[in-house]
Amino acid sequence: MDAQPIVRTRFAPSPTGYLHIGGARTALFNYLLARRLGGKFVLRIEDTDQTRNIEEADRKLMEDLRWLGLQWDEGPEVGGPGGPYHQSERLEQYHARARELLERGLAYYALETREELEAMRKAAQQRGEKGFRYPRPTHFPSEAEARRARDAGRPVVVRLKMPDRDVTVHDRILGDVTIRAEELSDFVLLKADGWPTYHFAVVVDDAAMRITHVLRGQEHLMNTPNHIALQEALGYPTPEYAHLPIIFNMSGTKMSKREKDKVVRDAAKAGGLDDARLLQLAGLDDPALPAAWRKGDTQLPGDALLRLARALAVHLPEIEIHDFRRSGYLPEVLVNFIALLGWSPGEDREKFTLAELCERFSLERVGRTNARFDREKLLAFNTAALEAATPERKLAGLKDWLSVADPGPLTGLPDAVLARVIECCRGFRLFPDLEYKCGALFVPDEQIRYDEKAVRKVLLRDDGQGRRVLEVLRARLAAAPHWTPAALDELIRGVAEAQGLDLGKVAQPLRVAVTGATVSPQISDTLDLLGRERTLARIDRALAHLQTLQ
RNA sequence: GCCCCCAUCGUCUAGAGGCCUAGGACAUCGGCUUUUCAAGCCGGCGACAGGGGUUCGAAUCCCCUUGGGGGCGCCA
């Protein structure tokens, strides 16, 4: 009975690589609204800027979206009636619409060069005018004039003739926002290279794909009057708009990929890295790059940054979803967390699955205040989620992390062993913690490095008490009838009791002897994971190492 | 500079005129637990930006100030 058109939302990123955290939030809200209202979620790639298309960018983007569980109903790889879903494949559409507007006198050619425009802006500023508005000519250049200009090598663009009246955006989050006519300017629809601007493409495509709700960042609010004017000119319906608050860093700055460059740049500077070494470590070969990069003029490719960060032992701030994946977060945690950045359920509860969010999401509960991205809280969410996760979920998560992380001691271990590792590390917060805590158990014995401080404190102190305990332990372990966590636990407690020592005075020497450091799973699990043979071999190695210190 | 948006603990937020002595979560601080690391448990500290109105009554409505953010591209 109710003939409401089905709700259709979209996420329309420009392909620049992995999915930015802010983009992920926008994608999520669009996804949630579509799900909540039984509609469709469309993915469209806005690749209209020929100067900044990055190879593989959309593959990476889709990888991140899928990792988060935000599968689109229509878009690249899945198709749909509104395709193609890359704007680069839709050029005829834009040209047809531009032609239409030109013929109807609603758009016109403009022939200025960038330099001329720049000069006009500067002049306007000097005249003390408020903001620069393109001065609409009284007579629009004709088709022939445009062609002549183009032939003469001048840039020819198409601009929209803005209506001379105020435009009100009915925003579902911000309410009505009216922009006065004098603030509006005849903006460019078609660039000189024949490609559409974002404004033009977005309006044409949203109409073609029958998008009913546009959820996007608040930075787009001032573009919206342009879009509405265009929709009117083209006879399109205006979708519902909802401008989302923006996500910032804790420092209040925009979360930007540049931050990663900054961290590495600072580390390189502190480390006194010269250009040659820099290029070598980064795996790059453009000799002009280092100078520009050091000045902050340019950014390094993601993989080069990763290599440098590794070499310099610095942690890159997570900006893109893939970064969080590599850092060992669970996708459902990211989804839960970013859902709460700008939206709230209105109850004292904050842990939600994607499915639960789909049931609860509503535009009415989206806030208007910009939010800061608090990594501490994210970490707490991840810890709690891990705590609550089933062993299967944790195993799958660990394997996913290993698949994107740098190879380490845990890489390639059988599932059963990984499952044991997880079991033995209750309370871990991120997947790399597992490697930190158990890595030494899966490394060849000769790669064990003895932490000097630990050795001194645990094995040498008190006149070598730890060492003596170790010798007792070595004999008892060699003769232990059973090598299970329970049996080992009993054995170790027995030794402690017999020696009249606290458990810590027994467990720690053992731990340092077999791992080289003071951190590992509970001692009985540590030994069980290691096995008798390697345990004894490592104790012997430790004892021998102590000899060398005498 | 001009236009626009926003404003509750350090941070994310609940709050839609009396349910507010302002609730929850993270962080922080204190304690407990402990076989290392981590986790866990209990408790404490902690906010309505300021000033004017409106009202019997304001965190909630209005105005101003201040502060933060966004936009002013042939980027998206």
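These legends go with close-up views of a predicted model.

**View 1. A cis peptide bond sits between Gly83 and Pro84.** Most peptide bonds are trans. The one from Gly83 to Pro84 is cis instead, and its omega is near -5°. To find the spot, look in the loop that runs between α2 (57–68) and α3 (91–103), which is where Pro84 lies.

**View 2. Glu77 has a positive phi in the loop between α2 and α3.** Most residues other than glycine have a negative phi. Glu77 isn't a glycine, yet its phi is near 75°. Is this residue buried or exposed? Glu77 is exposed, at a relative accessible area of 60%. Pro84, from the previous view, belongs to the loop between α2 and α3, and Glu77 is found in that loop too.

**View 3. Asp462 shows a positive phi within a helix.** Here the phi is about 55°, again in a residue that is not a glycine. Which helix holds Asp462? Asp462 is part of α19, covering residues 452–478. As for accessibility, Asp462 is partly exposed, with a relative accessible area of 46%.

**View 4. Cys425 and Cys438 are cysteine neighbours without a bond.** Each has the other as its closest cysteine by sulfur position: for Cys425 that is Cys438, and for Cys438 it is Cys425. Why don't the two sulfurs count as a disulfide? They are 3.3 Å apart, which is too far for a bond, because a disulfide needs the sulfur atoms within 2.5 Å. In fact, searching the whole structure turns up zero disulfides. Both residues are tucked away from the surface: Cys425 is buried at 1% relative accessibility, and Cys438 is buried at 0%.

**View 5. Three strands make an open sheet, with α3 packed on it.** Read across the sheet and the order is β3-β4-β7, with antiparallel pairing. Which strands are at the edges? Those are β3 (107–110) and β7 (188–190), each pairing on one side only. From one strand to the next, the twist averages 45°. Helix α3 packs on this sheet and touches β3, β4 and β7, its direction making about 100° with that of β3.

**View 6. A closer look at the pairing of β3 with β4.** Strands of a sheet pair through backbone hydrogen bonds. How many bridges join β3 to β4? There are four, and the two strands run antiparallel, with β4 spanning residues 157–160. For a landmark, pick out Tyr109, whose bridge partner in β4 is Val158.

Note on methods. Residues numbered from 1 in each chain as written. Chains lettered and ligands numbered in written order. Predicted model: local features only at pLDDT ≥ 70, side-chain atom pairs only at ≥ 80, totals over all residues. Heavy atoms only, no water. Buried < 20%, exposed > 50% of the residue type's maximum accessible area, 1.4 Å probe, protein only. Pairing = 2+ DSSP bridges. Axes fitted to C-alpha atoms, helices over the stretch in contact; angles between N-to-C directions. Contact = heavy atoms within 4.5 Å.
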